[in-house]
Amino acid sequence: MEFLIGIQGEDFVLVASDMTAARSVFLLKHDQDKMFELSSKLLMLCVGEAGDTVQFAEYIQKNMQLYKIRNGYELSPKAAANFTRKNLADFLRSRTPYMVNMLLAGHDDQDGPSLFYMDYLASLQQVPYAAHGYGSFFTMSVIDRLYKPGLSKDEAQSILQKCLDEVQRRFIINLPMFQVRIIDKDGVHQLPNLRPKPAV
Amino acid sequence: MLCVGEAGDTVQFAEYIQKNMQLYKIRNGYELSPKAAANFTRKNLADFLRSRTPYMVNMLLAGHDDQDGPSLFYMDYLASLQQVPYAAHGYGSFFTMSVIDRLYKPGLSKDEAQSILQKCLDEVQRRFIINLPMFQVRIIDKDGVHQLPNLRPKPAV
């Protein structure tokens, strides 16, 4: 029921997550933050099993801070993604697997912007755009149609708006509000929460 | 008759009952009362229930009789029938029954009932995970069935 989306542009990554926290048919919260700042220029969006998401995300977050304290510099997005994947894979075949699906979005001074798709089976792939959840069925085809490499911020935001409108129009679950952030060379910036147009 | 449930079964069963009621009117010259129609519907649903082809439909029957006044019947897919002052079907009923329990009193006016309905639909929109953006509203009184404007509840956030 939860939804994550990320689109890489020319020198930034635009990410959005829904803000609902629900248990079976009940909506508990409509302002849940599903994004975790792993470092100044790396963001992790995390959905999945209740509890596992926050536990795993904070575990990775604290380990990244520890690395910075020990070594004096932060892990690059690619290294952080692989570190996260290794941890998830190790837990997968233990008695306590974490059921989390993630998008990691970051900006590196050498490599530029990067978006990583990771699922609960610890498969990791760098991709230009990605989505998690049932909403991905609706949005991937929209982005497939509209995406081109080297998008500007406005173009990426308009694609995102179209994706969220499509989810609101055709997805049976109510996802009324989305949190949007952008990561570029200057770090992580919060954009205004997006409310898609009502379906009817 | 408001009918929800298995895709196809709803329309098939509802039209079957509808046509049989029209047949009754043609044969006998007068329409079935709401209570009689409800019991007729229940009997059909119960007969189908233990056949090879049960209908998976949940219904509300709402009517007005010159002798008995207004009546609302709750019927579920197991063919249980009960006349009730207020009712709801579906997951939304988990949210709305407590609202109506709090606000209902016998002898509501039309405006009071509509305000309770608006509160119920706002609650569903606020706390139910499924998106139900638009509701059709009708009212049945001594002058028949009247269509009210479609209701769009307030957005959840």
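In which loop of chain B is the place of B:Tyr91? Select B:Tyr91 to begin: this residue belongs to the loop that runs between strand E4 (81–83) and helix H3 (92–103) of chain B. Please keep in mind throughout that the model is predicted.

**Stop 1: the patch around B:Tyr91**

With B:Tyr91 still selected, add B:Phe94, A:Phe26 and A:Leu28; these four residues make a nonpolar surface patch of about 440 Å². The patch therefore draws on residues that each have over 30% relative accessible area and no salt bridge. Both chain A and chain B contribute to the patch, and the next selection is the interface of these chains.

**Stop 2: chain A against chain B**

Display the residues in contact between the two chains: 20 come from chain A and 15 from chain B. The area buried between chain A and chain B is about 1600 Å², with carbon and sulfur atoms giving 63% of it. On the chain A side, select strand E4 (residues 26–29), which gives the most to the side that touches chain B, with four residues. A:Phe26 and A:Leu28 of the patch fall within the residue range of this strand.

Next, turn to the polar groups. Five residue pairs are in polar contact across the interface of chain A and chain B, both residues being at pLDDT 80 or more. A search for salt bridges between the two chains returns zero.

**Stop 3: the two domains of chain B**

Hide chain A and colour chain B in two parts, domain 1 (1–84) and domain 2 (87–156). The C-alpha centres of these domains of chain B are 22 Å apart. Their contact takes 12 residues from domain 1 and six residues from domain 2 of chain B.

Domain 1 and domain 2 of chain B bury about 640 Å² between them, and 75% of this area is on carbon and sulfur atoms. Which residues of domain 1 of chain B lose the most area to domain 2 of chain B? Select B:Leu60, B:His64 and B:Tyr74, which together account for 55% of what the domain 1 side buries.

**Stop 4: strands and polar contacts at the domain boundary**

Between domain 1 and domain 2 of chain B there are zero salt bridges, while two residue pairs are in polar contact, both at pLDDT 80 or more. Finally, select strand E2 (57–65) and strand E3 (69–75) of chain B; each supplies at least two residues of the domain 1 side that touches domain 2. Of the elements on that side, E2(B) gives the most, with six residues.

Technical notes: Residues are numbered from 1 along each chain as its sequence is written. Chains are lettered from A and ligands numbered from 1 in the order in which they are written. This is a predicted model: local features need pLDDT of at least 70, side-chain atom pairs count only at pLDDT 80 or more; totals for chains, interfaces and linings use all residues. Side-chain values use heavy atoms; hydrogens and water are left out. Patches are made of residues with over 30% relative accessible area and no salt bridge: like charges are joined within 9 Å, nonpolar side chains (Val, Leu, Ile, Met, Phe, Trp, Tyr) within 5 Å. Accessible areas come from the Shrake-Rupley method with a 1.4 Å probe; for residues, only the protein chains shown count as cover. A salt bridge is a side-chain nitrogen of Lys or Arg within 4 Å of a carboxyl oxygen of Asp or Glu. Domain bounds come from an automatic or database domain assignment. Contact means heavy atoms within 4.5 Å. Buried area is the accessible area (1.4 Å probe) that two parts lose on being put together, summed over both. A polar contact is a pair of N or O atoms within 3.5 Å; within protein, one must be able to donate a hydrogen and the other to accept it, and residues adjacent in sequence count only if both atoms are side-chain atoms.
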